[in-house]
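Me: I would like a close look at one single part of the model shown below. Please explain formally how that part fits into the rest of the chain, and give the meaning of each term.

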Amino acid sequence: MSRRWTGDAVAAAPAFVAVAVFAWWASRDGGFAATVLCPGGLLVLGALLALVVARPDRLRVRRRTTAVALVALLAFTAVSYASLLWADSPGDAWAGANRTLVYTAAFALFALTPVTAVTGAAAVGTVAVAAAAGGLSVLFD
């Protein structure tokens, strides 16, 4: 195994945590239930935190459009939490804001992770295998 490939895999490891969470969510009705979303969301947030703490010197968004999208998602997340102030049902607003935070964290994780052709292919392959396994489990259930 080459040193470059190993370095690429280590750099992309936090993103693979999110890929694993997405595969788990796919097998559990898309992660819609809070009992599935919250643990997975904590893993995604933890992976993002690990990425930010471990390699702050290598964090950068590679495209301007991605940076704009990330800022827009962060603003939307802030508005989602602010909606608790005027919501008729604060519990629903809280659940929606948490969901928005998880999706924003997942986007940020992928936006900040350096992806090479090899790690990108591995991520797509992992998602494809997880989707196929989920389909087979439904087929033979």
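Reply: **A surface patch and its surroundings**

Val79, Leu85 and Trp86 make a nonpolar surface patch of about 400 Å². A patch is made of residues with over 30% relative accessible area and no salt bridge, where nonpolar side chains (Val, Leu, Ile, Met, Phe, Trp, Tyr) are joined within 5 Å and like charges within 9 Å. A salt bridge is a side-chain nitrogen of Lys or Arg within 4 Å of a carboxyl oxygen of Asp or Glu. Accessible areas come from the Shrake-Rupley method with a 1.4 Å probe, and for residues only the protein chains shown count as cover.

The model is predicted, so local features need pLDDT of at least 70 and side-chain atom pairs count only at pLDDT 80 or more, whereas totals for chains, interfaces and linings use all residues. Residues are numbered from 1 along each chain as its sequence is written, and side-chain values use heavy atoms, with hydrogens and water left out.

Within the patch, Val79 counts as partly exposed because its relative accessibility is 47%; buried means under 20% relative accessible area, exposed over 50%, and partly exposed in between. Val79 lies in helix H3, residues 64-82. Helices (H or I, at least four residues) and strands (E, at least two) are DSSP runs, numbered from the N terminus.

The helix that holds Val79 has a partner to consider. The axes of H3 and helix H4 (residues 90-112) come within 9 Å and cross at roughly 160°. H3 is therefore roughly antiparallel to H4, since angles over 145 degrees count as roughly antiparallel, under 35 as roughly parallel, 65 to 115 as roughly perpendicular and the rest as oblique. Axes are lines fitted to C-alpha atoms, for helices over the stretch in contact, and angles run from 0 to 180 degrees between N-to-C directions. The crossing of H3 past H4 is left-handed.

The wider chain has five helices and zero strands. Its C-alpha atoms fill a box of roughly 55 × 45 × 25 Å, taken along the principal axes. Of the 141 residues in the chain, 26% are buried.

Two residues in other helices may be set beside Val79. Ala13, in helix H1 (residues 3-27), is partly exposed because its relative accessible area is 36%. Ala54, in helix H2 (residues 34-54), is exposed because its relative accessible area is 54%. The C-alpha atoms of Ala54 and Ala11 are separated by 9.9 Å, although these residues are 43 residues apart along the chain.

Definitions and conventions: Buried < 20%, exposed > 50% of the residue type's maximum accessible area, 1.4 Å probe, protein only. Left-handed = near helix turned anticlockwise from the far one by under 90°.
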